[in-house]
Amino acid sequence: MKVLVTGGAGYIGSHTTLCLLEEGHEVVVFDNLVNSSLESMRRVQDLAGRTVEFVEGDLLDASAVASVFSGASFDAVIHFAGLKAVGESVADPLRYYRTNVVGTLNLLDGMNAAGVRRLVFSSSATVYGASEDVPLPESLPLNATNPYGRTKEQIEDILTDISSADERWSIGLLRYFNPAGAHSSGRIGEDPRGIPNNLVPFVAQVAVGRHKAVMVFGNDYPTPDGTGIRDYIHVMDLAEGHLAALHFLKDRTGAFQWNLGTGQGSSVLEVIEAFSTVVSKKIPYEFAPRRKGDAALSYADASSARNQLRWTAKRDLARMCADHWNWQRSNPRGYDSSL
Ligand SMILES: NC(=O)c1ccc[n+]([C@@H]2O[C@H](COP(=O)([O-])OP(=O)(O)OC[C@H]3O[C@@H](n4cnc5c(N)ncnc54)[C@H](O)[C@@H]3O)[C@@H](O)[C@H]2O)c1
């Protein structure tokens, strides 16, 4: 297949691009590098021993999007590009709605004009809001509690509507739980700009001494150790889930939702403990008050992906921490380390 990957230079996009190349697909990446670096593309090409066509461009530039489609005939699009920091979305909602929603509309216009109607979209478990009806099934009502989550919810609605209006569309909405880890080579991984929003990269940065301690938000939740429980999924399992979705969509039309999670929850303290074991030292942490809008526990009902896509997560928390650490210690300043 020839696949256009928006946001392919980013964390999940780079790992998925590598899996696509390894499976023999031709890949064009479209990314404006607002939260990534070209170095990830260089390393993906090294690892795969194949080349990726990279187009630097912004989804908000409709003519740049249209020109990617002109002259190329894509079989499918995987759409990762967007902004993803919840706190930032609360402070600057317009930027989030514009980039995520308007950017997706531009992409859909480009696809429609070019007659490309197979799409895999990066949604998020944040669409379930603070629901604690675990394990969370795809059938739950969507109820995001912040602008970032609402952009995902709105895009899901748009995609479901276009597939109802035109039955040629074939769309997979992938609701990721908590991605973590890195490729086992340690050459590509998550390279957050500024202070990481996610737990595992933060713990890793504490382990290399970039921060004093992990802040644990809330130790009075009704969970066994009082800290929040989440479903951490290895980024390579997630990447493989995209390939499974592409294969499923190949000879089907309609819009489908799948949770991509392990179906297992781990508490914040369990993650810190697992990471401490990998680095063979105690990781300091401090308790802080709960954050508004955080659920006590969230983990996936992953049975739809298992039954329909024949996909399950294979890598456990220990492996996620080991792979994340391998990436972090070889690249203490992320991709900047090699510049
Ligand atoms: N990482 C997570 O915890 C998580 C969880 C659930 C869902 N998601 C979603 O998965 C997708 C990928 O996440 P990620 O962790 O790889 O993020 P990332 O920031 O590493 O990757 C996103 C990529 O999109 C690019 N981009 C942003 N705005 C763009 C624009 N206007 N035009 C072109 N490119 C643009 C960025 O430069 C970056 O390379 C996002 O849509 C995110 O919302 C991520």
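Visitor: Which residues touch the most other members of the largest nonpolar core?
Guide: This is a predicted model, where local features need pLDDT of at least 70, side-chain atom pairs count only at pLDDT 80 or more, and totals for chains, interfaces and linings use all residues. Residues are numbered from 1 along each chain as its sequence is written. A nonpolar core joins buried Ala, Val, Leu, Ile, Met, Phe, Trp, Tyr and Cys through C-beta atoms within 7 Å, and buried means 20 or more other C-beta atoms within 10 Å of a residue's own, with C-betas placed from the backbone. The largest core has 92 residues, and touching the most other members are V29, V203 and V271.

Visitor: Which helix gives the most to this core?
Guide: Helices here are DSSP runs of H or I, at least four residues, and strands are E runs of at least two, numbered from the N terminus. With nine residues from 235-249, the top contributor is helix α8.

Visitor: What does V271 touch, leaving out residues up to four places away in sequence?
Guide: Contact means C-beta atoms, placed from the backbone, within 7 Å. By that test, V271's partners are L199, V200, V203, Y232, S266 and L317.

Visitor: How does the radius of gyration fit a compact globule, and what is the protein's value?
Guide: The globule rule is 2.2 Å times the number of residues to the power 0.38, with the radius taken over C-alpha atoms. For 339 residues that puts a compact globule near 20 Å, which agrees with the protein's 19 Å.

Visitor: Which element gives the most to the shell around the ligand?
Guide: The shell has 27 residues, with G7, G10, S36, S122 and S124 the closest; a residue counts if its C-beta atom, placed from the backbone, lies within 6 Å. Elements giving two or more residues are α1 (11-22), α5 (93-114) and β5 (118-124). The most, three residues, comes from α1.

Visitor: Why do the buried residues of α3 lie on the same side?
Guide: Helix α3 (residues 62-69) has V65, V68 and F69 buried. They sit on the same side because the arc they cover, taken from the directions from the helix axis to the C-beta atoms, is only 100°.

Visitor: Which elements do those buried α3 residues pack against?
Guide: Three of the partners are strands and one is a helix. Here they are: β1 (2-6), β2 (26-31), β3 (53-56) and α5.

Visitor: Which residue with a positive phi follows α3?
Guide: Just after the helix, phi comes out near 85°. The residue is G71.

Conventions. A residue is buried if 20 or more other C-beta atoms lie within 10 Å of its own, exposed if 12 or fewer, and partly exposed in between; C-beta atoms are placed from the backbone. Two residues are in contact if their C-beta atoms, placed from the backbone, lie within 7 Å.
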